[in-house]
Amino acid sequence: MPNVMTALRLSALAVLGATALAAQAGPATHFATTVEMPAPVEAGAPSPDSLLHLVLARFATGTPEAFDSIYPDPLGRVVVQGAAQRKQLRTPGLGRVLWSNASRAVLLITGTVHEGHATGIETGSDETNRVRRLSGLYEARRSGSAWMLVRQIPFDTLNYIRAHVLHVDIEPGRLSRIVDTLTIDAGSPYGFATRINNATELQLVRLDGKRVKYAFGGGVLWIDTRGRKPGPSRLVLAYTIPAEHEAKATTGDSANVRPSTSPDTLPAYGAMNNTDAWHPFFNYDSGNDFSQLTVTVRIPAQYRLTTSVPQTETVRNGIRTIHGTSIHPQFLLALLYDRDWTPVTQKVNGGEFTLETFFAPGFHFSPDTIANTAAFVYRVLVPRFGEPQAPSRYLAVVEDRQLGHSGWQVRMNNAVISGDSALMLDEPALGPSFAFAHEVSHGWTMNSSGLAANFLQEGWATFCESLVLGAKYGADMERAFWERMRTSYVTGLDRAGFLGGFEGKQSILDNPDNGRIHYSKGSWILHELDYVLGDSTFDRGMRAFISTNGQGPHGYPEFIADMSNAAGRDLTSFVMPWLSGKYIPDVEARVEGSSLVVTQAQPDVLFDLPLDVAIVAGADTTRKTVHLATRADTVPLDNAGAVTRVLVDPDHHFLLRRHWGELERFTFHSPNAKAVELAGNFTAKPIAATRTGDDWTVEVPMPEGRYLYLWRVDGKSPSDLEAIAAVKAPSSDSTARAGVRIVRPLVHLDDRDAR
Ligand SMILES: [Zn+2]
């Protein structure tokens, strides 16, 4: 996916696997820091020019506090904080006054954060990505005699990239020579700035056939288009980029690389990913750089290559020439190549789309299995939401060996990409999950943009995962999937371990780099809308949204408008609290006199919730509907005196705090163990079991739901495969090392949600 923070999707087992469960909470280095509102800067400089120098100097050598005192942007501050924490070298990049008058100025400020000395691996793409929230345009204002930065100006303001025509010559393991002819619309009075790989060596820059002033540094190429009349221009860039992501030729020494089949010095495979900044772009969530992409790649004929878009190829004089075209506006191209691939092309679902597989020998799945599964995903999704990216009708499925030993990881344009160790397409026991369906599903909304781009991309793909699981395994599996997504939100369970959950810490909109929350809370928002609106209305809204994908800014305002239009009413009050709030609804219901009182008590936003409430009176249960749009609502009850329990949202249509549960008892039989602990997706730390004879027990209050548990014996968790086997074949004796526990809403818990 476009966003670097979510580029590497976790495998099924990593999300909820035995290993992850057993892991102690470790530092989650890729986990975005929550960003607070910008604090005012305290200090300035006597002129815009001296302000530039001050900012660049503090960027390079100042403490984060010193930098923050003159620099207001919260996301840029995080860049410097992170670099200082990791003791990474910072060097100044570009500093220019692009425009000024007596009281206001626009500055271009860029910098580079270099990799630490630890790895010794330095890539231009990492440098560009690291500073992409800092290198940019800034507004400065004069206050008295001091000039101060007041805000970052969105990088893509009034500028557009409409098309790329790319010619790429790849020398595997060395470099790529690139000529990019862009059609741009440079409407900004401050010039045309784009991001590009920081290791780029520019050979030529021409605007409408003429030389043009430009500057390059800190991952930004700035072209002086100031003063030009508006309208399309042709920008030609010729440049080289050193190879990144190549495997060593004669491998076997590295754990991440399968030995290549050729003995010479060329690498067996390599990639120019869509996160490598190898052609110009604005930002991963910009809506202004969806462009028509045409690429012609030349590579030694022994390699096969995918352009991640529909393609044709020819071989002549030892050179393979591959021609790819996006057909409709797409985001960023990826080029992946491998000497050992045997591409197979087939028509799927009676010609509905063309599938091309790029697998090396030994890949676990055959092209036919992949075709059958992709066909199934399309048969589930197309009748509801129409075709993805309709005109292209092309899906590539790629084994990317430089990703190492991993499964289905990422989607780049029309390509679903796996590491070399995809052993499962879905995982119905532990998760459940359907990683392959998730990646295929990205095709419907992948050109979303703006602050909630991750919600529209990852939330959507995760939502679709539930539909495909439901179609394959039934409604119970779908429900189990939503239980998993709920637990994932509450606990933040990740491959890095137990992150402590998202509740009260992040909202979807507060930081564009928020990563994991979109999979859990984001997918739940779509699940809730599907329930509230019903399939036919929800699908009509999604079709409208999908049909304009890639045609300019395409974010949550467009999504809400399309859904509202389909519903015939404004859904802003329903959707927005889920996007802007840091809390999910904390709803409770109780009997007072002859009334039912329903309240929502979460701290920040107020939700608009059409809720079902189950009123239990002895053996009788009746249902009431309560539309809760205020802090508290009251509904008359007939037999209030007999009520024993009131359960809000008993069918779990919404992502709510849960107040009811059970005191659960877990027993494990092991005469020989010295220490036994219970782990699971409901507890941050394994819970020590108490020994009685040969049995070990744990008692723990748990909120209603579906949970996975594992027994750690003498410090060891069962392997993923052991856990799957145990869950698939639940035994009545108490020697199974893993299992699924369904908790019912029988008692009101003081300790409400799992912590
Ligand atoms: Zn994804």
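Here is a walk through this predicted model, one selection at a time.

**Stop 1: the zinc ion**

Start by selecting the zinc ion and showing the side chains around it. Which protein atoms act as its donors? They are NE2 of His438, NE2 of His442 and OE of Glu458, lying 2.0 to 2.2 Å from the ion. Along the chain these donors follow the spacing H-x3-H-x15-E. Now colour helices H8 (435-441) and H9 (453-473): His442 sits in the loop between them and Glu458 in H9, so this pair ties together parts that are 16 residues apart in sequence. Switch on a surface and check His442 and Glu458, both of which are buried.

**Stop 2: Phe559 and the largest core**

Next, select Phe559, in helix H13 (residues 556-567). The largest nonpolar core has 85 residues, and Phe559 is one of the four that touch the most other members, along with Phe385, Trp408 and Phe436. Helix H7 (residues 367-385) gives the most to this core, contributing 10 residues. Back at Phe559, leave aside its neighbours within four places in sequence and show the contacts: Phe455, Leu456, Leu526, Leu529, Met542 and Phe545.

While you are looking at cores, pick out Leu182, Val212, Trp278 and Tyr303. They are among the 45 residues of another core, which lies apart from the largest one.

**Stop 3: aromatic pairs**

Now show the aromatic side chains; the model has 32 aromatic pairs. Try Tyr531 and Phe654 for a start. Their ring centres are 5.8 Å apart with the planes at 85 degrees, and an angle over 60 degrees counts as edge-to-face, so that is what this pair is. The two residues are 123 apart along the chain, with Tyr531 in helix H11 (residues 517-533) and Phe654 in the loop between strands S29 (645-648) and S30 (660-669). Are the two partners buried or exposed? Tyr531 counts as partly exposed, at 33% relative accessibility, whereas Phe654 counts as buried, at 2%.

For another pair, go to Phe545 and Phe559. Here the centres are 5.6 Å apart and the planes stand at 90 degrees, so this pair is edge-to-face too. Phe545 belongs to helix H12 (residues 535-547) and Phe559 to helix H13, 14 residues apart. Both of these rings belong to buried residues.

Then select Phe385, Trp460, Phe463, Phe481, Trp482, Trp524 and Phe538 together: they form one aromatic cluster.

**Stop 4: strand S7 and two arginines**

Move to strand S7 (residues 192-195) and show its side chains. Which residues cover its two faces? Phe192 and Thr194 are on one side, Ala193 and Arg195 on the other, and all of them are buried. Add strand S11 (residues 220-223), which pairs with S7 in the antiparallel sense over 4 bridges. You should find Ala193 standing opposite Trp222 in S11.

Keep Arg195 selected and add Phe155: the arginine lies over the face of that ring, at 3.9 Å from its centre. For a second example, select Arg741, which lies over the face of Phe666 at 4.0 Å from the ring centre.

**Last stop: Leu721**

Finish at Leu721, in helix H15 (residues 720-728). Is this leucine buried or exposed? Its relative accessibility is 66%, so Leu721 counts as exposed. Draw a distance from its C-alpha atom to that of Leu430: the two are separated by 9.9 Å, although they are 291 residues apart along the chain.

Key:
Residues numbered from 1 in each chain as written. Predicted model: local features only at pLDDT ≥ 70, side-chain atom pairs only at ≥ 80, totals over all residues. Heavy atoms only, no water. Donors = N, O, S within 2.8 Å, 3.2 Å for Na, K, Ca; no water. Buried < 20%, exposed > 50% of the residue type's maximum accessible area, 1.4 Å probe, protein only. Phe/Tyr/Trp six-rings, centres within 6.5 Å; stacked < 30°, edge-to-face > 60°. Lys NZ or Arg CZ within 6 Å of the ring centre and 35° of its normal. Pairing = 2+ DSSP bridges. Core = buried A, V, L, I, M, F, W, Y, C linked by side-chain atoms within 4.5 Å. Contact = heavy atoms within 4.5 Å.
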